[in-house]
Amino acid sequence: MSPIAPSSHPLYIVTGATGGIGGAVAEALAREGKTLVLACRNVNAAEALAHRLRNDVQGVEILVLHLDLSSFNGVRRFVDDLKKLYRPVAALVNVAGTMTRHSTPDVSGVELDYRVNCLSTALLARLVSPLMPPRSHIVFTTSVTRMLWDIPQAFPREGKFSQLATYGRSKLALTVFAHCLAEELRQRDIRVACADPGVVDTAMITMHRWFDRLADILFRPFISTPRKGAEPLLRALADDATCRLHTCRGAYILTLRESWKRREADILAQVPMA
């Protein structure tokens, strides 16, 4: 790998840019003139978004790279492609996520929610951080559902799968990892934050249950738009502090319950160093 030229326009990586919140983040950054990397599993959809943004924002530079968070090797392949650009990374905005309806373990028994929402996202941050100069940012998208459960003893395996609970636990594990990474990267002056967008009008909140239609009528008109949900993530990118939680109501020090702190080692042990 050749040295990264400090004068190169730094990259702003957005995962999950083809979704509602990720797309809103990408559009906001494009309008700020940032050089974007859309890191997505669906490359065709990402290319369509890039085409639209290039038409809307004159002169913006947008790159599309394939990222599959369902496996560690998918993350490693993305980082290999990223390194070939020989560009510094100013920000990694982790928006991509999943909420599966049924238990979907891999061959080692790890649920897909844990793999995508926590473990692969954490590995991505670890592998991208060496490409980041001081004052760069890593933002993780968390969820209010993290507050409702604890990390299962069998993590990253589930004793009892539940669509909402497993998703919430995966976001809790990611939040615990973010807290650890913030301390790890503090000396390099890389700012790590979590952003909680609240309940946002995206496909993610569709539970594929009988009550979805009723919920659409009663609740969807009152929840946030993707653009509103993107605001905490964008504020995190503008924050000079590290280890913070950004919500629609403001910014706070990212703190962990004692029961969550006791699981830090268990979570870190599941994320490879390379």
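In this short talk I will go through the sheet, the helices that pack on it, the nonpolar cores and some of the charged pairs of a structure that is a predicted model.

Let me begin with the sheet. The model has an open sheet of 8 strands with mixed pairing, and the strands follow the order β3-β2-β1-β4-β5-β6-β7-β8. At its edges lie β3, residues 62–66, and β8, residues 250–253, each of which pairs on one side only. If we ignore direction, neighbouring strands of this sheet are turned by 20° against each other on average. As a general reminder, strands of a sheet pair through backbone hydrogen bonds, and they do so either parallel or antiparallel. For one pair in detail, please look at strand β6, residues 191–195, and strand β7, residues 244–247, which run parallel and are joined by 3 bridges. Within this pair, Ala195 has His246 of β7 as its bridge partner.

Now to the helices on the sheet. Helix α2, residues 43–56, packs on the sheet and touches both β2, residues 35–40, and β3, with a direction at about 175° to that of β3. Helix α5, which covers residues 163–185, lies across β5, residues 137–141, and β6, and runs at about 165° to β5.

Which residues touch the most other members of the largest nonpolar core? That core has 51 residues, and the ones in question are Ile13, Phe78, Leu82, Val128, Ile138 and Phe140. At least two residues of this core come from each of β1, β2, α3, β4, α4, β5, α5 and β6, and the largest share, 10 residues, is supplied by α4. If we take Phe140 and leave aside its neighbours within four places in sequence, its contacts include Thr121, Ala125, Leu174, Phe177, Val192 and Ala195. Apart from this core there lies another one, of 31 residues, among them Ala30, Ala230, Ala236 and Leu237.

Next, the charged residues. In general, side chains of opposite charge can pair when their charged atoms come close, and a search of this whole structure finds 16 salt bridges. One of these is formed by the side chains of Glu27 and Arg227, at 3.8 Å from N to O. Because Glu27 lies in helix α1, residues 20–31, and Arg227 in helix α7, residues 226–237, this pair ties together parts that are 200 residues apart in sequence. Glu27 counts as buried, at 15% relative accessibility, whereas Arg227 is exposed, with a relative accessible area of 59%.

Another salt bridge joins Asp240 to Arg191, with the closest N and O atoms 3.4 Å apart. Here Asp240 sits in the loop between α7 and β7, while Arg191 belongs to strand β6, and the two are 49 residues apart. Asp240 counts as exposed at 51% relative accessibility, but Arg191 counts as buried at 5%. Asp239 forms a salt bridge with Arg244, at 2.9 Å from N to O. Salt bridges that share partners also join Arg135, Asp189, Arg191 and Asp240 into one network.

I will finish with Glu111, whose place is in the loop between β4, residues 89–94, and α4, residues 112–128. What is the nearest side chain of opposite charge to Glu111? It is Arg169, at 8.8 Å, and Glu111 is buried yet has no salt bridge. Leaving aside neighbours within four places in sequence, Glu111 is in contact with Ser103, Thr104, Pro105, Pro156, Glu158 and Phe161.

Conventions:
Residues are numbered from 1 along each chain as its sequence is written. This is a predicted model: local features need pLDDT of at least 70, side-chain atom pairs count only at pLDDT 80 or more; totals for chains, interfaces and linings use all residues. Side-chain values use heavy atoms; hydrogens and water are left out. Two strands pair if DSSP finds at least two bridges between them. Helices (H or I, at least four residues) and strands (E, at least two) are DSSP runs, numbered from the N terminus. Axes are lines fitted to C-alpha atoms, for helices over the stretch in contact, and angles run from 0 to 180 degrees between N-to-C directions. Contact means heavy atoms within 4.5 Å. Buried means under 20% relative accessible area, exposed over 50%, partly exposed in between (1.4 Å probe, protein chains only). Lys and Arg count as positive and Asp and Glu as negative; His and the chain ends are not counted. A salt bridge is a side-chain nitrogen of Lys or Arg within 4 Å of a carboxyl oxygen of Asp or Glu. A nonpolar core is a set of buried Ala, Val, Leu, Ile, Met, Phe, Trp, Tyr and Cys residues joined through side-chain atoms within 4.5 Å.
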